[in-house]
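Me: I should like to learn how to read the features of a structural model, one at a time. Please take each question in turn.

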Protein chains: 2
Amino acid sequence: MPDTRFDVLAIGNAIVDIIARCDDSFITAHGLDKGHMHLIDAQRSASLYADVGPAVETSGGSAGNTIAGVASLGGRGAYFGKVADDALGKIFRHDITSLGVTFPSLPAVDAPTATSIILVTPDGERTMNTFLGACVLLDEADVIPEIVQAARITYMEGYLFDRPAAKRAFRLAATLAHAAGRKVALTLSDGFCVDRHRTEFLDLIRGSVDIVFANTAEITSLYQTADFEAACAQIAKDAPLSAVTRGAAGSVIIRGSERVTVSAEPIDGIVDATGAGDLYASGFLYGHARGASLAACGRLASIAAAEVISHIGPRPERKLDDLIAAKGLSVK
Amino acid sequence: MPDTRFDVLAIGNAIVDIIARCDDSFITAHGLDKGHMHLIDAQRSASLYADVGPAVETSGGSAGNTIAGVASLGGRGAYFGKVADDALGKIFRHDITSLGVTFPSLPAVDAPTATSIILVTPDGERTMNTFLGACVLLDEADVIPEIVQAARITYMEGYLFDRPAAKRAFRLAATLAHAAGRKVALTLSDGFCVDRHRTEFLDLIRGSVDIVFANTAEITSLYQTADFEAACAQIAKDAPLSAVTRGAAGSVIIRGSERVTVSAEPIDGIVDATGAGDLYASGFLYGHARGASLAACGRLASIAAAEVISHIGPRPERKLDDLIAAKGLSVK
């Protein structure tokens with residue numbers, strides 16, 4: 001096995017978030033499905049932007065948020081994702097590299113950096129509207145074998161399955177990781193995304209994925225059942241290890257017949273749910289890469305998720321390693 | 001007098017903020033004066049950006065923040081300021097116009113939109129590093145007489161005095177406003193800024209300004225005294241009306257021999273002081289434009305300031321009119 005230079009390699013759609021608050025009536029009036037990610041084109045993105053109120057811009061992207069959280073916890077991270085060499089692309093690159101994350105992906109030409117207009121309703125729920133831009137250019141050429149081989153866990157977004165080239169990159173990375181004796185993790189990303197790719201996700205989970213992340217909507221969509229327990233029983237058979245998040249009800253970690261129930265970290269109220277699942281994955285992956293128990297992985301995951309939903313924006317504002325140290329936790 | 005279409009017209013440096021957290025050691029190592037605004041060139045800005053951690057981007061600029069606050073309170077606002085037609089300029093324009101603020105200034109060419117790298121230390125204090133870019137192109141041609149004449153109060157930043165063309169624009173706007181029977185307000189902006197322009201500020205205050213905003217550092221710098229009370233006694237003679245902020249100690253409003261002492265609105269802790277003075281001015285100006293008492297103006301000012309320092313970023317996250325309604329206050 002090559003040197004382990006990275007705890008986690010994350011691969012995903014590299015996106016700059018445009019975060020705006022709105023009322024529920026705005027979501028309805030624009031025909032959006034609250035809580036979901038919508039893929040939109042440049043024209044629709046411009047038209048939606050013209051309608052929303054003042055916004056804040058921040059680096060985002062599901063796997064990008066996750067690797068930022070891993071770095072904030074003190075983990076060694078790498079990231080593959082495609083941005084342009086434009087103003088937003090430079091912001092994305094700065095933010096991720098300034099955390100110490102290795103980001104070798106070359107800039108795209110002829111397509112702008114992806115944006116997601118994230119609408120945050122008064123209940124803290126977020127509804128995403130993503131224009132993929134340069135992300136559509138991520139392909140197998142962006143998968144650098146030495147980095148995959150040097151990472152304990154390669155973590156990928158289900159969102160990658162929305163584009164054939166990215167899907168091929170996903171499969172190549174999974175193959176390389178396993179050939180090097182490494183682990184592969186997948187997040188199901190979004191209930192609609194699961195709907196679009198159910199068969200392929202099931203095939204992947206049954207053969208090529210070691211760790212699955214999902215929330216209630218995603219796992220029940222995957223197994224087409226309204227019964228959460230039945231869905232958990234299914235994933236216990238299909239995946240060696242999975243973590244299913246349930247919002248304020250915490251999460252459950254499933255490994256064969258073993259179940260670890262994890263409480264959500266108490267907070268005063270959700271300001272913005274953006275990044276909750278992404279940061280849950282940060283804490284879990286960092287703990288798992290460092291050999292922590294499943295219960296400890298779950299606790300780290302919950303703390304990281306609680307930090308990110310207590311403010312606007314999908315990445316930690318506080319250093320997560322300070323936060324876990326303040327709670328008396330430690331991971332080597 | 002022409003129709004009163006606007007409560008407030010604000011004129012200032014139009015800036016996109018790049019907000020990053022750092023430790024005090026970073027401030028020291030980079031030779032910065034904590035709590036102050038530094039003017040830097042493009043090269044220094046790039047070099048500082050390369051050194052800072054992950055950031056969040058948001059529209060800023062002192063007077064821009066103030067007019068955003070006025071709009072959030074339900075006031076009718078206009079703004080003159082210079083951005084380029086680049087990605088950050090489009091963000092600035094979107095954010096201010098989406099609040100309903102009239103922003104007629106034409107885009108600059110040949111200079112990028114201004115940025116300020118704002119470093120927030122753990123105590124919530126902010127240290128600003130501003131590359132003026134397109135702001136240096138604001139001049140008298142940007143002062144649209146019909147808008148000045150239609151605004152109850154024209155509010156301007158002391159920062160404008162750092163450039164001769166902007167200073168001329170300031171003087172033209174003040175002359176037009178007074179000729180139309182309107183009021184002129186000035187914020188002293190920054191202790192260093194006062195140092196650079198003390199004589200001119202004193203001349204202005206003694207002849208051309210109706211309302212002065214300052215904090216402790218600025219007013220004591222203006223009168224070159226360490227004695228806050230002595231400085232207040234001086235401004236009482238020099239300006240018809242002034243509001244002096246003292247951080248957690250609240251503020252004092254001075255009109256001739258009249259003094260109104262205002263408490264700071266209680267908050268759990270300062271997350272980011274950026275925008276505190278700007279939003280104080282929002283509340284005060286909105287109240288004053290609508291004929292509220294000085295005590296009511298001070299209360300509105302304190303509530304607006306408290307909202308903005310309780311989160312990252314220089315503009316309100318919550319609708320300020322909802323916030324004041326929830327506190328049982330109302331302004332016509």
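Me: What rotation and what shift along its axis superpose chain B on chain A?

Reply: The model is predicted, so a word on conventions comes first: local features need pLDDT of at least 70, side-chain atom pairs count only at pLDDT 80 or more, and totals for chains, interfaces and linings use all residues. Residues are numbered from 1 along each chain as its sequence is written, while chains are lettered from A and ligands numbered from 1 in the order in which they are written. Copies are superposed by least squares on the C-alpha atoms of residues with pLDDT of at least 70 in both. Here a rotation of 180° with 0.0 Å of shift along its axis brings chain B onto chain A, at an RMSD of 0.0 Å. That is the relation of a two-fold axis. In chain B, the C-alpha nearest this axis belongs to B:Glu57, at 2.5 Å.

Me: How many residues does each chain give to the contact?

Reply: The size of an interface is often given as the accessible area lost when the parts come together. The count used here rests on residues instead: two are in contact if their C-beta atoms, placed from the backbone, lie within 7 Å. Chain B gives 24 residues and chain A gives 24 residues. On the side of chain B that touches chain A, the elements giving two or more residues are strand S4 (55-59) and helix H4 (87-97) of chain B; helices (H or I, at least four residues) and strands (E, at least two) are DSSP runs, numbered from the N terminus. The residues of that side divide into eleven nonpolar, seven polar and six charged, where Ala, Val, Leu, Ile, Met, Phe, Trp, Tyr, Cys and Pro count as nonpolar, Asp, Glu, Lys and Arg as charged, and the others, Gly among them, as polar. Since 100% of the interface residues of chain B are also interface residues in chain A, the copies meet through the same surface.

Me: Which strands join S4(A) and S4(B) in an open sheet of ten strands, and in what order?

Reply: Two strands pair if DSSP finds at least two bridges between them. The order is S3(A)-S7(A)-S6(A)-S2(A)-S4(A)-S4(B)-S2(B)-S6(B)-S7(B)-S3(B), with mixed pairing. Strand S3 (37-39) of chain A and strand S3 (37-39) of chain B stand at the edges, each with a single partner strand, so one side of each has no neighbour in the sheet. Between the chains, S4(A) and S4(B) run antiparallel and are joined by two bridges, with B:Val56 as the bridge partner of A:Thr58. Within chain A, five bridges join the antiparallel strands S2 (residues 15-21) and S4 (residues 55-59); there A:Ile19 has A:Val56 as its bridge partner.

Me: Are the residues of strand S10 (residues 211-215) of chain A buried or exposed?

Reply: A residue is buried if 20 or more other C-beta atoms lie within 10 Å of its own, exposed if 12 or fewer, and partly exposed in between, with C-beta atoms placed from the backbone. In a regular strand the side chains alternate between the two faces of the sheet. Five of the five residues of S10(A) are buried, so this strand is largely enclosed by the rest of the structure. A:Ile211, A:Phe213 and A:Asn215 lie on one side, A:Val212 and A:Ala214 on the other.

Me: Which residues of S9(A) and S11(A) stand opposite A:Phe213?

Reply: A:Thr187 stands opposite A:Phe213, within a parallel pairing of strand S9 (residues 183-187) and S10(A) over three bridges. A:Phe213 also stands opposite A:Ala243 in S11(A); S10(A) and strand S11 (residues 241-245) pair in the parallel sense over five bridges.

Me: How many residues of helices H3 and H4 of chain A are buried?

Reply: In helix H3 (residues 62-72) of chain A, eleven of the eleven residues are buried, so this helix is largely enclosed by the rest of the structure. Just after H3(A), A:Gly74 takes a positive phi of about 105°. In helix H4 (residues 87-97) of chain A the count is eight of the eleven, and the buried residues include A:Leu88, A:Ile91 and A:Phe92.
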